[in-house]
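Hi everyone, thanks for making room for me today. I'd like to walk you through one protein, so have a look at the screen and then we'll go through it together.

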Amino acid sequence: MAAERRVGDRVVFERGFAAHLMGIDGTWRRNCLVEDISETGAKLTVEGSVEGLNLKEFFLLLSSTGLAYRRCELAWVNGEQIGAGFLKPDAKKKPARRASGSQVVEI
């Protein structure tokens, strides 16, 4: 069972916590309930069908204004419930390298 494979401490919400799923490109959005959550992922109950949606990567919006969110990847699907794994932000990106011999001119 999926619950037995989970690692780490999880917070379980008795009635669920209202949130939203949104596609990375912003083309779709679904209401959902966060059933439980940990540092590495969450179990979500999605309202409506997830059929045909690109769930490889998506955002879990935790606030109505969209200011609190996590970037996720799909871990598993079981009917209307899905498992979401949280993706860590990329390490600081290296600054772009300039081709040798090029100069920056300030105007």
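Okay, so reading along the sequence, the pattern goes α-β-β-β-β-β-β. Put as a count, that's 1 helix and 6 strands. Keep in mind that this is a predicted model.

Now some overall numbers. The protein has 107 residues, and 28% of them are buried. The exposed surface comes to about 8300 Å², with 51% of that supplied by carbon and sulfur atoms. And if you take the contacts with a separation of 6 or more, 45% of them are between residues 24 or more positions apart.

Let's go inside. Which residues have the most contacts inside the largest nonpolar core? They're Leu21, Leu44, Phe58 and Leu60, in a core of 18 residues. The elements giving two or more residues to this core are strand 1, strand 2, strand 3 (41-46), strand 4 and strand 6 (81-86). If you're wondering about the background here, nonpolar side chains in soluble globular proteins tend to be buried together.

Pick out Leu44 for a second. Leaving out residues up to four places away in sequence, Leu44 touches Leu21, Leu33, Val34, Phe58, Leu60, Glu80, Gln81, Ile82 and Ala84. You'll spot Leu21, Phe58 and Leu60 in there, which we just met among the residues with the most contacts inside the core.

Next up, charges. There are 2 salt bridges in the structure. One of them joins Arg10 and Asp36, where the closest N and O atoms are 2.8 Å apart. Arg10 sits in the loop between helix 1 (2-5) and strand 1 (11-23), while Asp36 is in strand 2, so this pair ties together parts that are 26 residues apart in sequence. Strand 2, by the way, covers residues 29-37.

So, are the two partners buried or exposed? Asp36 has a relative accessible area of 5%, so it counts as buried. Arg10 is partly exposed, because its relative accessible area is 24%, and the cut-off for buried is under 20%. The same two side chains also show up as a polar contact, at 2.8 Å.

The other salt bridge is between the side chains of Glu57 and Arg71, at 2.9 Å from N to O. This pair links distant parts of the chain too: Glu57 is in strand 4, Arg71 is in strand 5, and they're 14 residues apart. How accessible are these two? Glu57 is partly exposed, with a relative accessible area of 29%, and Arg71 is partly exposed as well, at 37%.

Last stop, the aromatic rings. The structure holds 2 aromatic pairs, and I'll show you the one made by Phe59 and Tyr69. Their ring centres are 5.5 Å apart and the planes sit at 90°, so we call the pair edge-to-face. Phe59 belongs to strand 4 (residues 57-61) and Tyr69 to strand 5 (residues 69-78), with their positions 10 residues apart in the chain.

Which of these rings belongs to a buried residue, and which to a partly exposed one? Phe59 is buried, as its relative accessible area is 16%. Tyr69 is partly exposed, with a value of 46%.

That's my tour, so go ahead and ask me anything.

Key. Residues numbered from 1 in each chain as written. Predicted model: local features only at pLDDT ≥ 70, side-chain atom pairs only at ≥ 80, totals over all residues. Heavy atoms only, no water. Helix = DSSP H or I, 4+ residues; strand = E, 2+ residues; numbered from the N terminus. Polar contact = N/O pair within 3.5 Å; in protein donor to acceptor, adjacent residues only side chain to side chain. Buried < 20%, exposed > 50% of the residue type's maximum accessible area, 1.4 Å probe, protein only. Contact = heavy atoms within 4.5 Å. Areas by Shrake-Rupley, 256 points an atom, 1.4 Å probe, with all protein chains shown as cover. Phe/Tyr/Trp six-rings, centres within 6.5 Å; stacked < 30°, edge-to-face > 60°. Salt bridge = Lys/Arg side-chain N within 4 Å of Asp/Glu carboxyl O. Core = buried A, V, L, I, M, F, W, Y, C linked by side-chain atoms within 4.5 Å.
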